[in-house]
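Colleague: Could you take me on a close look at the annotated active site and what surrounds it? I would enjoy a connected account.

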Amino acid sequence: MTKGIAPVTKNEIVEVTIEDLTHEGAGVAKIDGYALFIPKALPGERARVKVIKVNKGYGFGKLVEVLEKSDERIDDIPCPIFQNCGGCQLQHLSYEGQLKQKQKQVRDVLERIGKITDVTVHPTLGMSDPWRYRNKAQVPFAEREGGLIAGFYQERSHEIIDMNACLIQHEENDKVVQAVKEVASKFGVRGYDEKKHKGTLRHVVARYGVNTGQLMVVLVTRSKELPNKTKLIEGIREQLPNVTSIVQNINTKRTNVIFGDQTDVLWGEEYIYDTIGDVKFAISARSFYQVNPGQTKVLYDKALEYAKLNGSETVIDAYCGIGTISLFLAQKARHVYGVEIVPEAIDDAKRNAKLNGMTNVDFAVGGAEKVIPWWYTQGIRADTIVVDPPRKGCDEALLDTIIKMKPKRVVYVSCNPATLARDLRVLEDGGYKTVEVQPVDMFPHTTHCEAVARIELNNEE
Ligand SMILES: C[S@@+](CC[C@H](N)C(=O)[O-])C[C@H]1O[C@@H](n2cnc3c(N)ncnc32)[C@H](O)[C@@H]1O
């Protein structure tokens, strides 16, 4: 390839200075204005890099050697599988550096996409101990050279790498995976062969209620048949004395999707319970539940603070999942309406409202962009609207209805700063002002960035 289109060629070794970090965690170097993305390189570093892909406007490089190191670089990365695993992207960056990076990411997109500059973006609220935080593990199983393996998919591949521990998982979840591996091997349960669609055990899902100590083990199998079922259950209970629920989920399809439609309780309860603050939640094998409960409390407390409720308000919680935020808000509001598109999540939300004796909440199944406009036509008016949409952000029809309904305040909980910025622009054009944004680190060592924004109707404070 000539250097006509790009100033580098494939396999060339170049020395570069890293100027920035992408939202996916790759270092960015510029060569005559041409951007080279280099995973695991950090801003401020001088590095020797092998060019591995050359596109027209940008290319990719592989870090060969760090010549001048960033002060933020962590050399003794505690996780032995970090270099191969796709789960974490930022363990080589100090935790302080990660928090600053997430704050910067939010500020950057608000400016670049939302054209919003006069807003306070607070320093990211992080964890005092940013390890072992996940309350849920979903681990693929397979068969290798006559034995069961359980681990993680190598980055950008479907090759499973056997592993014994994941440092962002709660220890209890690691124990589940190792216990099932041992007991299933002992009783001849074979791992799933994805290519031939043979074998039994596809995934093990572990769910831990960190505030209740309850533990659920989900065995996802290719068929209902489970060899030595009774012995398997006994073995798991012996190895994991705190297990409260063992369930089997049957997934007969050739698919990457983990769960199938049928779930049978093999032993114990259908649910485990956990609490966030004073609110209790029932969690089944397939329920959506935030994976970092400590930081979820931080996030919801911030959402509640931004909602500024005094007990007299009507609140709408759009994209409410199993009603976690709705129930948090219901502790301080007159009435909360939650809306969510997944019917099973609304079943969970109603169950959770009952569990907590809350009667000032109503839940509806449907698209927020359809249900909330319909509520509007029925005369429902909210003083505050909380939205917590998926990564693609809010539907325009919903934003239009918010602008028409004119709640005093909107609280936007976002897992994607780019769509947050886009939607804030629409709200600002519709008469709102973004006052402050608080990033909260829900997923330390990964590039995922969560933030909550307070948006006020103009002339209100
Ligand atoms: C980021 S989650 C938030 C869940 C919940 N607020 C929580 O904190 O646990 C987004 C939720 O939006 C739901 N969802 C996706 N599209 C939707 C739509 N068009 N209308 C309503 N809910 C939707 C998803 O099923 C998911 O439960």
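Modeller: Happy to; I will start at the annotated residue, follow the helix after it, and then turn to the ligand and two other parts of the chain. Please keep in mind that this is a predicted model.

The UniProt record, an unreviewed entry, lists Cys415 under "active site". Cys415 sits in the loop that joins strand E20 (409-414) to helix H9 (417-429). Is this residue buried, exposed or partly exposed? Cys415 counts as partly exposed because it has 17 C-beta neighbours inside 10 Å, while 20 or more would make a residue buried. Leaving aside residues up to four places away in sequence, Cys415 touches Arg391, His448 and Glu450.

Let us follow the chain from that loop into H9, and see how this helix meets H1. Helix H1 covers residues 95-112, and it packs with H9 at an angle of about 35°. The axes of the two helices are 8 Å apart, and the crossing of H1 and H9 is right-handed. On the H1 side, the contact is made by Gln105, Val106, Val109 and Leu110; on the H9 side, they meet Pro417, Ala418 and Ala421. Sorted by class, this contact between H1 and H9 holds six nonpolar residues and one polar residue, with no charged ones.

Now for the ligand. It is surrounded by 19 residues, and the closest are Tyr319, Gly321, Ile341, Ala368 and Asp388. Which elements supply at least two residues each to this shell? Helix H5 (324-330), strand E17 (335-340) and helix H7 (368-377) each do so. By class, the shell around the ligand has twelve nonpolar, four polar and three charged residues.

Another loop is worth a visit too. Asn228 is found between strand E11 (215-221) and helix H3 (229-239). Asn228 is partly exposed, because 15 other C-beta atoms lie within 10 Å. Its contacts, not counting residues up to four places away in sequence, are with Phe187 and Gly188. Lys186 is 42 residues from Asn228 along the chain, and their C-alpha atoms are separated by 10.0 Å.

Finally, we can look at an annotated domain. UniProt, again in an unreviewed entry, places "domain: TRAM" at residues 7-65. In the model, this span is 64% strand and 0% helix, and its end C-alpha atoms lie 21 Å apart.

Notes
Residues are numbered from 1 along each chain as its sequence is written. This is a predicted model: local features need pLDDT of at least 70, side-chain atom pairs count only at pLDDT 80 or more; totals for chains, interfaces and linings use all residues. UniProt positions are given in the numbering used here, feature names are shortened, and annotations may be inferred rather than shown by experiment. Helices (H or I, at least four residues) and strands (E, at least two) are DSSP runs, numbered from the N terminus. A residue is buried if 20 or more other C-beta atoms lie within 10 Å of its own, exposed if 12 or fewer, and partly exposed in between; C-beta atoms are placed from the backbone. Two residues are in contact if their C-beta atoms, placed from the backbone, lie within 7 Å. Axes are lines fitted to C-alpha atoms, for helices over the stretch in contact, and angles run from 0 to 180 degrees between N-to-C directions. A crossing is left-handed if the near helix is turned anticlockwise from the far one by less than a right angle, and right-handed if clockwise. Ala, Val, Leu, Ile, Met, Phe, Trp, Tyr, Cys and Pro count as nonpolar, Asp, Glu, Lys and Arg as charged, and the others, Gly among them, as polar. A residue is near a molecule or strand if its C-beta atom, placed from the backbone, lies within 6 Å of it.
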